[in-house]
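Biologist: I'm new to this one and would like a close look at a single part of it. Could you walk me through it slowly?

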Amino acid sequence: MTMMTPQPLDQQEDEEMLVPHSDLVDGPQPLVEGPQPMEVAAAESNGTVENQAIDEPQASHFTWTIENFSRLNMKKLYSDAFTVGGYKWRVLIFPKGNNVEYLSMYLDVADSATLPYGWNRYAQFSLAVVNQMHNKYTVKKDTQHQFNQRESDWGFTSFMPLSELYDPNKGYLVNDTCVVEADVAVRKVVDYWAYDSKKETGYVGLKNQGATCYMNSLLQTLYHIPYFRKAVYHMPTTENDNPSGSIPLALQSLFYKLQYNDTSVATKELTKSFGWDTYDSFMQHDVQELNRVLCEKLEDKMKGTVVEGTIQKLFEGHHMNYIECINVDFKSTRKESFYDLQLDVKGCKDVYASFDKYVEVERLEGDNKYQAEEHGLQDAKKGVLFIDFPPVLQLQLKRFEYDFMRDTMVKINDRYEFPLELDLDRENGKYLSPEADRSVRNLYMLHSVLVHSGGVHGGHYYAFIRPTLTDQWYKFDDERVTKEDVKKALEEQYGGEEEVMHLPFEFDLALPPGILHISFFILQLPQTNPGYNNTPFKFTKYSNAYMLVYIRVSDKDKIICDVDEKDIAEHLRIRLRKEQEEKEDKRRYKAQAHLYTIIKVARDEDLKEQIGKDIYFDLVDHDKVRNFRIQKQMPFNLFKEEVAKEFGIPVQFQRFWIWAKRQNHTYRPNRPLTPHEEAQTVGALREVSNKAHNAELKLFLEVERGQDFHPVLPPEKIKDDILLFFKLYDPEKEELRYAGRFFVKSSSKPVEILTKLNELAGFSPDEEIELYEEIKFEPNVMCERLDKRASFRFSQIEDGDIICFQKQPPSESEEQLRFPDVPSFLEYVKNRQIVHFRTLERPKEDEFCLELAKNHTYDDVVERVAQRLGLDDASKIRLTTHNCYSQQPKPNPVKYRSVDHLLDMLVHYNQISDILYYEVLDIPLPELQCLKTLKVAYHHATKDEAIILNIRLPKQSTVGDVLNEIKTKVELSHPNAELRLLEVFYHKIYKSFPINEKIENINDQYWTLRAEEIPEEEKNIGPNDRLIHVYHFTKENAQNQVQVQNFGEPFFLVIHEGETLADIKLRIQKKLQVPDDEFSKWKFAFLSLGRPEYLDDADIVSSRFQRRDVYGAWEQYLGLEHSDTTPKRAYSANQNRHMFEKPVKIYN
């Protein structure tokens, strides 16, 4: 490792969603030893990293060479530690993927286990797997993160496909060695918590629920269009509406708070009104999509109200699509409306260039002529012109596009300029259609700039807005609002590259839900090495404009109108003022909390109400008893007068007991307060009784009653007296209830109180009863039979103990009772668990619920599920556990008897789920686990459609066994036909499996396995013949390069020495059965490493293919170039079990 001033991070746009790896690994993983230590050379500088100022940025480059990579058999692997910014770091990889078919790679805080409580640190970093053949194909991804105790590692779960990493021809593994690189830059946290947005700017921000910054930026933009805000206020709502179920009321409430609050505003009510749950709030969506969905929903909600049509008036424009013939008098037009315009960024330098491209005329000629009704095929012009533009023009910039070469979405960070004033009448109205109203002046002022910072799958949104169209701009970044100048809002959001001497890293902090995002800059350290070249370099700016909102100058006064309280419905004002008052009361309450003590008073009435209903163990839930907020300085005797007023119990009849938490974690009344303690203040008494330093004092109020049930003086308690509490259990009804309490002498025996207990229970005086002491319930239930002949002192019974009793059940009825005694019932209560079962096909819907026990075995659980489904063989049930974070099934099912108890299936980290998923298999699970199931697409020699087969064989079977099994399931062209099994990936053949290869290691998760008959001509290849790959392809122009995109079904073809392309074309046409008129448009090319060399009919094809090893020579093939008209197969190459792309939905 060498410490040096970093070169600019070669950041890429295709990073995955960044997640801590720990969410994906079930259970603790053992630490493993890494490869040989790397050599570490300190940089030549005036001081080491450790003694430099912590608030100066530190950076380093780290290289990790991993030998024998494909033979690594551990789940995860750590690099040696390296130091940056005084902190120790290491790289963590999962060589076989972290429960995904990708290499997983993270940056980890090496010494996190020994760091002090509350530690955190920021780092911007990139991770890379070096391509050792062609450096330009190195896979490199970057991000930034705030590391802390909960998230001590961060990175990329899906860094790169394992298929590419382990492919020896791709260059990532050379001599079975993998080279990993990390660039890490560290800086101390900047504190912004004291900032007051309202005080500094007059505006407040919106709280982030986890990943709702995209929504916050859009809501701020819409709120600052006053005409829109006024229309929202005028949507009819009533005082009976619930904001969580009414989008209009929730939006009115949000806008009102943005207008009048002094602090940032929460959006939970609004998202609840959308029908979103917590998971939706942690799912980042697209601003443009949310804008469309929200406006459509509001447009629908406004119908039939005084504000009907507002969305159209503000945002709707119209354009005309036309096709005009060149040689005949024929023109076809179609008028369409739009609410926003999607403008190209790629290849356009500014907004005007995008509009030029939007209205660009396309020529329809040659093979692409236009069918003009009675005129037949004609040369024509096709284009779009605008009939009218809306008062508020929303421009969506196409910053994301599909990269065919990389087969993924990428973000376009190119420089793209947009003006403060946009003139769409320029050049004599070149964008306008002939029917456009030329009297309307289409001159616009920029109102807001929505910015996306980050890559294609992750990032942060914020907005620059000038609410009144003055020169003052504001940045709305979740909770934080700041004043900004025009340069920050415009030029710095153009994107592109910037030439700098110092490298700025813009950090977008990943903070806890509800906490604002912080952006700050780190400047590169000055280079102390005189030999270092300090020439400027360029870096890509990843924060750039994503959506622009313009307001037409002639409509400015109407749009930027006054909105005041008279626009707000009275019921809404009353409701929100009340909310504000309650919020202020809570604030005052919290501010004065140190002056008060909360006294929670439990009584016999509470025990009677709760035991057997809300609770079964201990005596009471203190959160459900009457509590008093009492000033700490109040004498306790005065507090007793408060109790007398509340409960009607005169002071002289009150005796209070202090609760104590015992070593076994039970909570019982421990002793009465002494007269001396009652003479103290409430605050002093709390400090004596409560060592936890919270503001609560928990008491039990003992009230004795006479025969007329009126309170009487409590009896004097002497040392030998013990206060016991009694619970009665009915095994036939399976009910437990509070029976009462009374004093006993410690020297007495339980047998002496049996008559009194029978009286409490309403039994006959001589009823035989059993007594049990409830000792504890955590972590296990302990409830033991009490010896009726031993003294209470001998049985170690003391104040506050609980005795449970029941009738002695007849021995013959014990077998008929589920829980014949108190211990078995309490064990049942402790372990019972309602489990919601769902099928994997419908993972959001409960199929049925079962009451189970947490200590049920695996066999118990599947047996109960089988009974519920009416299934004779419980071993055909396969279960899958629930991920509490994603609210989805986990990717891997539960193996047969791999868990001991139900609780093991329900626990997910520190949470307990109540959901399990099930499948009904066609064979028993133990048998299935000994088998390997392969999904194979069988291609018949003469039929177009593939048949999808699920081949299930013992794991030790060979490919030959698979092919024999396939023969029994398909129609062969002749009885002696031979089959082969191919590995197909992205429309290329990568492998033909040897007959004797074991199937255990064949992976069909991302490959397509294809079986087919071997043609006769391939069985008799001459010494000078060649077997070549033939693939279909199209060409795409992207990033000023011609890129080849394969599609369709690849195949092998025998070519003979001296055979011309014309001869081969005849055979291909016959094989594929392509009609003459279509086949005549096809082009043929020899492709090597993705570069096409087009062939003529007279070319000798065999001369291009000199290599004999066809299996593995997929980088050379005969390409068939034509449009992709092939029907899509009914199967996909890469189908993960539970992957969901969630669109934005507003449900209410």
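Biologist: Is Tyr-938 buried or exposed, and what is its relative accessible area?

Modeller: Keep in mind as we go that this is a predicted model. Tyr-938 has a relative accessible area of 0%. The cut-off for buried is under 20%, so Tyr-938 counts as buried. You'll find Tyr-938 in strand β50, which covers residues 931-939. There is also a sequence-versus-space detail here: Tyr-938 and Leu-979 are 41 residues apart along the chain, yet their C-alpha atoms sit 9.8 Å apart in space.

Now let's step across from β50 to a partner strand. Strands β50 and β54 run parallel, and 4 bridges join them. If you want a spot to click on, try His-939, which stands opposite Glu-1012 in β54.

Strand β54 has another partner too. That is β52, made of residues 979-985, and it pairs with β54 in the antiparallel sense over 6 bridges. For a landmark on this side, take Glu-983: its bridge partner in β54 is Leu-1009. So β54 pairs with β52 in the antiparallel sense, while its run alongside β50 is parallel.

What about β54 itself? It spans residues 1008-1013, and 6 of its 6 residues are buried, so the strand is mostly covered. Go through it face by face. On one side are Thr-1008, Arg-1010 and Glu-1012, and these are buried. Turn to the other side and you meet Leu-1009, Ala-1011 and Glu-1013, which are buried as well. In other words, both faces of β54 are covered. Two of these residues you have already met: Glu-1012, opposite His-939, and Leu-1009, the bridge partner of Glu-983.

For something to set beside Tyr-938, look elsewhere in the chain at His-447, in strand β21 (residues 443-454). His-447 has 0% relative accessibility and counts as buried. There is a sequence-versus-space detail here as well: His-447 and Trp-473 are 26 residues apart in sequence, with 9.2 Å between their C-alpha atoms.

A helix can be covered too. In α3, residues 213-223, 11 of the 11 residues are buried, so this helix is largely enclosed by the rest of the structure. Among the buried residues of α3 are Cys-213, Met-215, Leu-219 and Tyr-223.

Finally, a look at the surface. Lys-207, Lys-268, Lys-272 and Lys-583 gather there in a patch of positive charge. One of them, Lys-272, has its place in helix α6, residues 268-273.

Notes
Residues are numbered from 1 along each chain as its sequence is written. This is a predicted model: local features need pLDDT of at least 70, side-chain atom pairs count only at pLDDT 80 or more; totals for chains, interfaces and linings use all residues. Side-chain values use heavy atoms; hydrogens and water are left out. Buried means under 20% relative accessible area, exposed over 50%, partly exposed in between (1.4 Å probe, protein chains only). Helices (H or I, at least four residues) and strands (E, at least two) are DSSP runs, numbered from the N terminus. Two strands pair if DSSP finds at least two bridges between them. Patches are made of residues with over 30% relative accessible area and no salt bridge: like charges are joined within 9 Å, nonpolar side chains (Val, Leu, Ile, Met, Phe, Trp, Tyr) within 5 Å. Accessible areas come from the Shrake-Rupley method with a 1.4 Å probe; for residues, only the protein chains shown count as cover. A salt bridge is a side-chain nitrogen of Lys or Arg within 4 Å of a carboxyl oxygen of Asp or Glu. Lys and Arg count as positive and Asp and Glu as negative; His and the chain ends are not counted. The place of a charge is taken as NZ of Lys, CZ of Arg, CG of Asp or CD of Glu.
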